[in-house]
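The following exchange asks how certain descriptions of a structure are justified. Each answer sets a value against the meaning of a term.

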Protein chains: 4
Amino acid sequence: MSKKEVITDTELKEYYDGMKNSYLGPLWYDLGHMVTKEPVHDVEPYLWKWKTIRDYVMKAGEILEPGKDAERRVVYLQNPNLLKHGLVGYGTHTLYAGIQLLLPGEFAPSHHHSQGAIRFIIEGSGAYTAVNGEKVYMERGDMILTPAWTWHEHKHEGTEPMIWLDGLDVGLVKNLAASFFEPYENGFYPEQPLENYSTEKFAKGAFVPKGKKEKPGYPSPIIGYKWERAKYVLEQMSKSPKENEDPYDGYAIEYINPTTGGSADERIGSMMQRLLPNQHTKAHRHVHSAIYHVLEGKGYTVINGQKFEWERGDFFILPPWSWHEHVNEGSEDAYLFSFNDKPVMDILGLEYEEAHPEGHQKIEKVFTPGP
Amino acid sequence: MSKKEVITDTELKEYYDGMKNSYLGPLWYDLGHMVTKEPVHDVEPYLWKWKTIRDYVMKAGEILEPGKDAERRVVYLQNPNLLKHGLVGYGTHTLYAGIQLLLPGEFAPSHHHSQGAIRFIIEGSGAYTAVNGEKVYMERGDMILTPAWTWHEHKHEGTEPMIWLDGLDVGLVKNLAASFFEPYENGFYPEQPLENYSTEKFAKGAFVPKGKKEKPGYPSPIIGYKWERAKYVLEQMSKSPKENEDPYDGYAIEYINPTTGGSADERIGSMMQRLLPNQHTKAHRHVHSAIYHVLEGKGYTVINGQKFEWERGDFFILPPWSWHEHVNEGSEDAYLFSFNDKPVMDILGLEYEEAHPEGHQKIEKVFTPGP
Amino acid sequence: MSKKEVITDTELKEYYDGMKNSYLGPLWYDLGHMVTKEPVHDVEPYLWKWKTIRDYVMKAGEILEPGKDAERRVVYLQNPNLLKHGLVGYGTHTLYAGIQLLLPGEFAPSHHHSQGAIRFIIEGSGAYTAVNGEKVYMERGDMILTPAWTWHEHKHEGTEPMIWLDGLDVGLVKNLAASFFEPYENGFYPEQPLENYSTEKFAKGAFVPKGKKEKPGYPSPIIGYKWERAKYVLEQMSKSPKENEDPYDGYAIEYINPTTGGSADERIGSMMQRLLPNQHTKAHRHVHSAIYHVLEGKGYTVINGQKFEWERGDFFILPPWSWHEHVNEGSEDAYLFSFNDKPVMDILGLEYEEAHPEGHQKIEKVFTPGP
Amino acid sequence: MSKKEVITDTELKEYYDGMKNSYLGPLWYDLGHMVTKEPVHDVEPYLWKWKTIRDYVMKAGEILEPGKDAERRVVYLQNPNLLKHGLVGYGTHTLYAGIQLLLPGEFAPSHHHSQGAIRFIIEGSGAYTAVNGEKVYMERGDMILTPAWTWHEHKHEGTEPMIWLDGLDVGLVKNLAASFFEPYENGFYPEQPLENYSTEKFAKGAFVPKGKKEKPGYPSPIIGYKWERAKYVLEQMSKSPKENEDPYDGYAIEYINPTTGGSADERIGSMMQRLLPNQHTKAHRHVHSAIYHVLEGKGYTVINGQKFEWERGDFFILPPWSWHEHVNEGSEDAYLFSFNDKPVMDILGLEYEEAHPEGHQKIEKVFTPGP
């Protein structure tokens with residue numbers, strides 16, 4: 001190879017300045033920031049106490065009227081560090097979590113959007129979500145899908161406040177410049193006569209009308225996933241611990257689309273974990289991020305060496321590529337619901353998982369909420 | 001084109017004889033028999049009265065001891081015309097139907113075979129089928145899968161005779177020279193502790209243990225299909241007749257594998273039809289053949305112009321490519337269960353269906369059983 | 001279990017006679033014939049010398065005029081033992097092989113049928129097959145697909161006789177009562193302007209017109225498979241013997257549908273084997289059957305202990321579930337083309353393969369053709 | 001509904017401040033920014049003249065030694081507006097484009113990364129890319145895949161400078177916190193003896209070694225896509241304009257993975273367009289973004305009302321959801337190569353396309369490069 005030219009500092013500066021002014025860049029300086037050895041991100045782990053969230057949500061019920069002051073009465077979780085980067089409404093870089101309140105007699109009119117959504121019911125009963133007209137009644141612990149671009153609305157026929165989690169892939173869709181939204185023109189999408197139809201169709205065997213076979217694919221033919229049934233399966237699993245215990249998640253089930261065997265929602269994964277009293281899982285990390293909600297129990301999760309203590313109702317953020325392990329400190333079973341962006345990582349071939357080399361992390365600090 | 005040679009009759013005879021002795025043949029004479037314009041077959045429509053079948057089955061219970069005189073105490077349906085062609089045990093060219101009896105306290109030991117099988121429960125309760133160790137209890141109207149090459153056994157813990165239909169693709173597998181069979185060496189495949197597990201897993205929502213995702217495919221993750229649930233779905237369907245009524249089959253559901261949306265068994269299709277009082281379906285024909293069992297009701301089916309009158313318990317054969325239509329003559333709903341070779345025709349690209357040009361057939365004769 | 005009833009011989013005879021007259025059968029006597037431990041069949045191994053076949057085919061060219069005496073001038077291979085069972089035109093229980101002659105200036109008009117077909121070119125050039133109007137020119141060693149229900153015709157623009165193999169799944173489709181056939185009403189399906197289009201489309205890279213993406217599936221987007229290219233790949237393979245040599249088939253390639261990775265035709269598999277001089281493969285058996293054609297070389301194949309000596313042009317039958325091994329006795333490479341029913345066995349879950357326990361068979365007799 | 005509480009401004013401020021300090025947010029204020037009616041983004045359309053790019057790249061060849069000063073000698077395109085948001089190395093929000101120079105005798109050592117990459121060859125010959133050891137020689141107009149996490153290296157055995165485009169999904173992978181990178185420990189991944197193997201394998205027919213069937217899926221079994229062949233297909237297409245002309249892209253082909261029918265790379269789409277002299281396509285917009293390179297010809301593209309004039313070698317950015325139409329102003333055919341993030345949008349269910357209501361845009365301004 002010919003010997004390289006000698007170049008003066010002035011010439012070099014001119015070269016790089018000229019490049020910059022031409023909106024060109026020298027990869028040899030910037031590669032390390034563009035293609036990193038491991039995931040780099042700004043997502044911060046954080047935990048919100050249920051009491052705090054609930055107070056703000058209930059207060060919103062006092063001061064806001066849906067349909068007048070707000071289409072939906074929702075308080076969302078804001079990742080502190082992402083806020084510093086101007087990212088409003090981000091729980092993680094891909095996921096959004098909002099806590100919605102619907103009071104007796106109220107409704108939220110139909111709309112649809114390119115964001116997918118799952119609902120997880122926290123308090124109350126007597127309300128339903130209608131998805132493309134199919135009514136699904138909501139009870140504590142249930143998960144309900146409103147897949148991307150399906151018309152959905154909520155109506156409350158019951159007598160007590162109804163509170164649920166909305167989980168959407170707001171950050172993902174925003175990053176991909178793919179957000180579309182439309183309200184339904186006439187308020188409500190026509191409702192079908194049958195209730196909980198898709199939930200029942202697969203119950204105790206699977207049948208479809210002749211000639212109307214379900215094609216494997218999305219959206220899932222099941223809209224509502226009952227807590228009672230999820231709990232039953234988790235209880236059955238603990239009877240065969242060797243076969244069913246997951247080292248990192250205790251006893252854990254994923255909500256699936258029965259026609260594909262994949263996650264219930266196309267882009268948003270969902271999981272329920274059961275931790276037995278004193279169960280302490282091993283630590284691992286993975287590319288996907290998650291937002292957790294404590295359905296029942298008391299314990300803590302260690303994330304990157306920091307201890308996050310949780311109890312019933314709390315929410316916390318698991319950033320991407322972060323070591324984490326869970327501990328049930330209570331005398332009862334703990335149930336953690338979480339939703340995540342794992343299906344996106346899987347489908348794009350980007351998921352990767354690693355066990356902690358020592359099994360467990362050292363706890364270096366204890367988290368307390370607040371700025 | 002050059003003029004063709006003149007050839008004497010003697011030379012011609014020599015030519016064809018020589019060809020025959022060389023095991024060669026002239027396609028120009030035989031094409032019409034090999035590649036026919038429409039399906040040609042030897043399958044005869046036939047009907048068996050339940051009383052006749054049941055008497056012979058119950059009598060077998062008196063004279064045969066399972067495990068000594070017979071591994072399984074089964075009386076099978078024999079297509080009369082196929083018997084003339086030496087085909088023993090054929091219901092249609094592809095399908096076999098046997099009626100099995102298991103008495104209280106008895107069992108049928110584990111075996112497996114390359115034939116697929118479905119069971120449809122006709123009488124009794126308290127017995128179970130175990131499929132690869134998973135126990136599924138059997139009740140009237142239920143369908144149970146024992147997919148090809150799965151270990152299966154039957155045990156009767158109840159107090160009354162248990163009778164069910166065995167549906168296998170004996171003819172298909174024999175024609176394809178693909179029959180394999182093995183008894184389980186030590187009598188019984190190890191049983192799992194959970195009962196009806198796969199049936200329940202999909203009930204009211206779909207969950208799988210984390211990291212053990214069902215891959216779409218066969219065998220179906222559901223083994224047992226409950227009559228109670230099939231009936232519920234059929235009843236729901238008749239609330240929206242315009243949407244759900246099938247011109248040829250009344251209200252009809254197919255038993256599916258939820259992970260593929262295809263038929264429950266990979267090669268054997270299964271269907272339950274509900275005919276309302278006085279319902280008279282239109283006539284059509286299709287490549288696939290079927291064997292019917294009358295779960296409930298009273299009526300008749302016209303097959304290629306011949307009337308087959310049926311009532312509770314009867315069985316009848318629908319040959320391939322045969323016009324057929326169903327009539328419920330009773331004052332109650334009629335329920336017809338059938339199994340078929342449609343999945344084979346579908347997967348091989350050979351299924352084809354045709355509506356009768358006049359909607360209905362003329363009845364030219366009435367069937368009576370017997371030789 | 002309660003003691004079984006004592007029954008007289010007369011009563012027993014009455015029982016079985018009555019059952020028979022009711023077209024019912026005792027499974028306890030017949031199970032062993034219906035569900036056999038291993039495949040049972042009537043397919044006989046056989047070999048035809050090319051000279052014999054060619055003489056009869058060429059003679060047909062002298063005495064028959066296509067379009068007048070015969071739509072297609074074809075001599076087919078007849079399995080001797082299947083003929084005894086009345087099965088005319090069967091090479092194996094599923095496969096048919098015919099040798100077709102087209103003279104210069106002749107044509108065979110368009111038709112289609114539910115049978116799939118492959119063509120393998122033995123002699124001549126200058127003719128083409130048009131498949132749904134796409135013209136594919138035929139040269140020695142090429143394979144051409146005319147998938148089930150595609151319109152196809154042959155035209156000869158060249159100057160010498162053109163001879164090729166037609167391989168169809170006649171037996172399979174007949175057994176399944178699924179034969180449909182139609183001539184094209186006006187003689188010829190309209191031809192497209194581009195020649196060999198689908199063959200070229202995938203050449204040296206894969207491109208499709210925007211918005212007209214090939215969906216994975218059948219029929220294959222490739223119609224013509226060139227011998228020149230098959231040979232090139234086989235020659236490349238022998239450079240890495242450890243990686244590429246197959247113990248049972250030497251160097252072997254399968255013709256595939258690039259959109260599925262599965263066999264080129266949906267139901268008919270096709271394979272080209274290259275045996276190096278003195279190469280002697282190991283023995284195995286499998287459920288699927290095959291018909292072989294010797295493209296080049298001299299050697300023998302041992303089938304169930306019988307030696308079948310072959311040379312260029314010969315054809316032979318490999319029955320299902322038969323031990324077989326191949327030997328190249330010549331000083332040049334041998335090339336064996338074969339087509340089979342493996343895709344059917346695969347797709348129905350019925351394929352099974354077994355290595356010979358001693359690696360090779362003992363030769364017990366040598367085959368000579370004739371009755 | 002009960003009348004809402006009266007709340008003082010002080011209380012309201014306290015409420016919102018408290019929420020903010022608790023890292024909670026009021027969806028009723030922020031929803032419009034999170035779930036927008038249409039895609040919102042910061043990607044700016046831009047065009048770089050080839051002369052400018054080439055000068056900086058060639059200069060890098062004089063001042064940088066690969067392996068010492070730089071692992072790869074690459075100048076990348078920097079989207080001006082994304083730079084303002086601190087996003088270095090972004091062509092669009094998802095895509096990166098770099099122009100790489102390899103001088104005779106040089107090499108770039110093996111590495112792999114979770115980003116996918118395509119190469120498009122601009123100048124020179126005699127160099128090859130090895131992908132997991134398979135050598136693919138590079139010629140002007142060829143596209144070569146180095147799918148995510150495959151080991152790849154470049155070596156130059158020729159005599160003139162070699163310049164090519166590197167297209168990676170840097171932004172996508174960074175946004176998803178999924179970047180992994182590893183150098184190969186010992187410099188070079190072992191090379192396979194066969195050259196251009198996968199490119200040839202599918203040429204003029206498709207064959208795979210027996211028992212090594214390609215499973216449909218990623219990465220594509222084809223690595224190299226030849227310009228000569230792409231051009232041939234585009235020329236064939238213009239013979240049937242009605243069938244093959246695309247209203248928005250002239251004559252356009254997509255580079256595919258033959259086993260799936262989908263895009264050649266799993267996440268990066270690639271397309272070649274041919275515009276006949278004077279051809280003026282219609283305007284449309286779609287969610288996916290793209291980076292264009294002018295292989296041959298002279299013309300312009302109108303993006304959101306702004307005219308971008310291009311000639312051989314130029315690059316330009318098409319942001320997401322931007323109106324665009326192309327015009328060939330030269331007397332020769334124009335060929336535009338582009339790569340895009342369409343597969344990501346498709347697979348995530350986020351792609352959407354819209355025709356311009358008036359067919360064409362009004363040109364409101366003309367682009368000139370520079371800050």
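Q: What makes chain B and chain C related as by a two-fold rotation axis?
A: In this predicted model, chain B is superposed on chain C by a rotation of 180° with 0.0 Å of shift along the axis, and the RMSD is 0.0 Å. The two copies are thus related as by a two-fold rotation axis. The same surface serves both copies, since 99% of the contact residues of chain B recur in chain C.

Q: How do you know that chain A and chain C do not touch?
A: Contact requires heavy atoms within 4.5 Å. Chain A and chain C do not touch, and their nearest C-alpha atoms are 16 Å apart. Chain B and chain D do not touch either, again with 16 Å between their nearest C-alpha atoms.

Q: How do you know that the span of helix 1 of chain C agrees with its number of residues?
A: Helix 1 of chain C has 13 residues (residues 9–21), which at 1.5 Å a residue should span 18 Å; the end C-alpha atoms are 18 Å apart, so the values agree.

Q: Why are the buried residues of helix 1 of chain C said to be on the same side?
A: Buried means under 20% relative accessible area, and C:Tyr15, C:Tyr16, C:Gly18 and C:Met19 are buried. They cover an arc of only 160° around the axis, and therefore lie on the same side of the helix.

Q: Which exposed residues does the face turned away from the buried side of helix 1 of chain C carry?
A: That face carries C:Asp9, C:Thr10, C:Lys13, C:Glu14 and C:Lys20, where exposed means over 50%.

Technical notes. Residues are numbered from 1 along each chain as its sequence is written. Chains are lettered from A and ligands numbered from 1 in the order in which they are written. This is a predicted model: local features need pLDDT of at least 70, side-chain atom pairs count only at pLDDT 80 or more; totals for chains, interfaces and linings use all residues. Side-chain values use heavy atoms; hydrogens and water are left out. Copies are superposed by least squares on the C-alpha atoms of residues with pLDDT of at least 70 in both. Helices (H or I, at least four residues) and strands (E, at least two) are DSSP runs, numbered from the N terminus. The expected span of a helix is 1.5 Å times one less than its number of residues. Buried means under 20% relative accessible area, exposed over 50%, partly exposed in between (1.4 Å probe, protein chains only). The arc is that of the directions from the helix axis to the C-beta atoms.
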